[in-house]
Amino acid sequence: MIVAGNWKMYGGPDPAALAERLADVPGVDAIVCPPYVSLARCVAAGLTTFAQNVHWENEGAYTGEISPSMLLGLGVAGSLVGHSERRQYFGETDSDVARRAQAALEAGLGVIACVGETQEQRDAGDMETVLRIQVEAIGAACGAHERLVLAYEPVWAIGTGRTATPEMAQQAHALVKSLLDRPVLYGGSVKPDNADELMAQPDVDGALVGGASLDIESFAAICQAASLS
Ligand code: PGA
């Protein structure tokens, strides 16, 4: 089981205090994804640390971007790619996401690649098609790489308090796995009180947690739920 905390553009908890609390929760791979400026502090605290995005080149004229080798140099273990906020607000396409994932894996980083449908796409009956296109783009670039993990995050469930039901999550995860046979995390309003039932689903291999990862006790409770499931 993997539980990753995406701090987004928030300061997040004190890394040392978080590391100390997580030491009491064995049996789960806990990952933090802080903003770039906090990566080094999280690494220094002994946390398994991922960036929130990574570029496909190792250097170049790409203002505002950070490369795989720069992350490796800091002791960072991997990166998110394709988060829906990157796709929605920064115009990242499936091919950008695939390039970022492929370069990060080739450099030796781990990758959590995010996929998920919007409410409009679900209402239009296009969930399967959308997931298929997103996952196949990643699969074509990376294959079932051993350091690749996928995250199913329905966009309508992110930051809204509306979680997919365990059955909806299971159905989507089974589809994603049938397209690319790698572990799949669920993300979208995961909280301590719904983590158990989500992670009890056979194809849910952990969680990608946003808001609830900003609080040490909430994040630890979700890690605990994962370790017990
Ligand atoms: P949320 O965010 O848990 O706050 O819904 C999840 C995510 O964006 O990864």
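Biologist: What makes the pair between a ligand oxygen atom and the side chain of Lys8 a polar contact?

Modeller: A polar contact is a pair of N or O atoms within 3.5 Å. The ligand oxygen is 2.8 Å from an N or O atom in the Lys8 side chain, so the pair qualifies. Mind you, this is a predicted model: local features need pLDDT of at least 70, side-chain atom pairs count only at pLDDT 80 or more, and totals for chains, interfaces and linings use all residues. Residues are numbered from 1 along each chain as its sequence is written, and side-chain values use heavy atoms, with hydrogens and water left out.

Biologist: Which polar backbone atom lies 2.6 Å from a ligand oxygen?

Modeller: One of Gly159. Gly211 offers a polar backbone atom too, at 2.8 Å from an oxygen of the ligand. The ligand taken alone exposes 280 Å², and the protein buries 97% of that (Shrake-Rupley method, 1.4 Å probe).

Biologist: How many residues surround the ligand?

Modeller: There are 13, counting any with a heavy atom within 4 Å of it. Lys8, His83, Glu153, Gly159 and Ser189 are the closest.

Biologist: How do you know that Cys42 is in no disulfide?

Modeller: A disulfide needs two cysteine sulfur atoms within 2.5 Å. A search of the whole structure turns up zero. For Cys42 the nearest cysteine sulfur, that of Cys33, is 9.5 Å away, so no disulfide there.

Biologist: Why is Cys42 called buried?

Modeller: Buried means under 20% relative accessible area (1.4 Å probe, protein chains only). Cys42 has 0%, so the label fits. Cys142, with 12%, is buried as well.

Conventions
A polar contact is a pair of N or O atoms within 3.5 Å; within protein, one must be able to donate a hydrogen and the other to accept it, and residues adjacent in sequence count only if both atoms are side-chain atoms. Buried means under 20% relative accessible area, exposed over 50%, partly exposed in between (1.4 Å probe, protein chains only).
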